[in-house]
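This briefing introduces a protein model with a bound ligand. Please keep the sequence and the structure in view while reading.

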Amino acid sequence: MAQKKLVRFAAIETYSNVLQYPEGMKGAWKTVFKNDHPITLELACGKGEYSLGLGAQNPDRNYIGVDVKGNRIYVGAKKALAENRSNVAFLRIQIGHLEQYFAPGEVAEIWILFPDPFLTKSRAKNRLTHPRFLAQYEKVLKPGATIHLKTDSRELYDFTREVIEEQGCETVTDYQDIYAIGQATGPLAIQTHYEKLHLADGRKIYYLAFRLPEGGVQVPERYLQATTQRNGKAVTDDDGDA
Ligand SMILES: C[S@@+](CC[C@H](N)C(=O)[O-])C[C@H]1O[C@@H](n2cnc3c(N)ncnc32)[C@H](O)[C@@H]1O
């Protein structure tokens with residue numbers, strides 16, 4: 001493994017604001033933040049620009065950046081410590097395992113920024129707005145909570161709109177080009193690493209906000225058993241590297 005990655009992994013071991021595959025956190029996040037303010041998750045946070053940006057905009061709310069890649073989390077966690085941002089923390093886990101780390105209703109809101117679009121049909125189940133992920137979010141979100149998606153991918157935007165319709169979710173906001181319509185303001189003005197790259201490429205930025213259906217998310221049967229065998233070891237489809 002590259003030396004830089006090793007240095008970053010060693011650093012986050014010592015950071016008080018990074019939790020890596022922690023045990024016993026379900027229902028216990030108020031002990032991390034030392035308050036019971038509402039918790040927002042930034043899923044696939046990468047370097048955590050939204051956790052840092054929203055954390056600065058809303059000091060009376062708590063933010064947790066979630067990603068499996070420790071070397072990316074390192075960047076946001078280091079900044080949060082330097083800025084003394086005590087309402088921002090980072091959690092290194094697989095997003096598909098959220099329910100192991102949060103109690104029902106412990107999460108007030110979710111942001112998903114520029115997740116991998118997984119363009120091939122066979123990998124569509126890895127999209128973070130696929131019903132099997134929505135079912136995970138449902139297990140930890142407060143009823144009526146909002147899920148926000150920002151993406152440069154027309155395919156992921158269209159896919160998510162289809163899922164929203166099929167599942168009977170409530171659409172809160174639907175913008176097809178936030179910069180063209182002057183909507184890159186407030187929380188939408190925060191830019192992530194990937195957003196900057198996409199803007200430099202002249203790509204449109206889509207934004208969807210929606211709420212899960214009252215009747216519950218329906219996950220097609222074939223996705224309920226997503227665990228497969230790889231090299232004789234049981235793994236889930238979304239297992240990735242560090
Ligand atoms: C394209 S990057 C976007 C990072 C950041 N949101 C941004 O806009 O700069 C996608 C991120 O999602 C993370 N990711 C993808 N699937 C994941 C999963 N199932 N569990 C945890 N992290 C995941 C990757 O590690 C990666 O950091």
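The points below cover confidence in the model, the surroundings of the ligand and one helix.

The structure is a predicted model. The mean pLDDT of the protein chain is 93, and the ligand is surrounded by 17 residues.

**Confidence**
- A pLDDT of 70 or more is reached by 93% of the residues in the protein chain.
- Residues 227-241 form a stretch in which pLDDT stays under 50. For this stretch, the model has 30 contacts beyond four places in sequence.

**The shell around the ligand**
- The residues that come nearest to the ligand are Ala-44, Asp-67, Arg-72, Leu-113 and Thr-192.
- By character, the shell comprises eight nonpolar, four polar and five charged residues.

**Polar atoms facing the ligand**
- Leu-113, listed above among the nearest residues, has a polar backbone atom 2.8 Å from a nitrogen atom of the ligand.
- For Ile-95, a polar backbone atom lies 3.0 Å from a ligand nitrogen atom.
- For Val-68, the distance from a polar backbone atom to a nitrogen atom of the ligand is 3.3 Å.
- The ligand taken alone exposes 600 Å², and the protein buries 94% of that area.

**Helix α3**
- Helix α3 spans residues 49-57 and is mostly covered, with seven of its nine residues buried.
- The buried residues of α3 run from Glu-49, Tyr-50 and Ser-51 through Leu-52, Gly-53 and Leu-54 to Gly-55.
- In an α-helix there are 3.6 residues a turn, so residues three or four places apart point the same way.

Technical notes: Residues numbered from 1 in each chain as written. Predicted model: local features only at pLDDT ≥ 70, side-chain atom pairs only at ≥ 80, totals over all residues. Heavy atoms only, no water. Near = heavy atom within 4 Å. Polar contact = N/O pair within 3.5 Å; in protein donor to acceptor, adjacent residues only side chain to side chain. Areas by Shrake-Rupley, 256 points an atom, 1.4 Å probe, with all protein chains shown as cover. Nonpolar A, V, L, I, M, F, W, Y, C, P; charged D, E, K, R; others polar. Buried < 20%, exposed > 50% of the residue type's maximum accessible area, 1.4 Å probe, protein only. Helix = DSSP H or I, 4+ residues; strand = E, 2+ residues; numbered from the N terminus. pLDDT = per-residue confidence, 0-100. Contact = heavy atoms within 4.5 Å.
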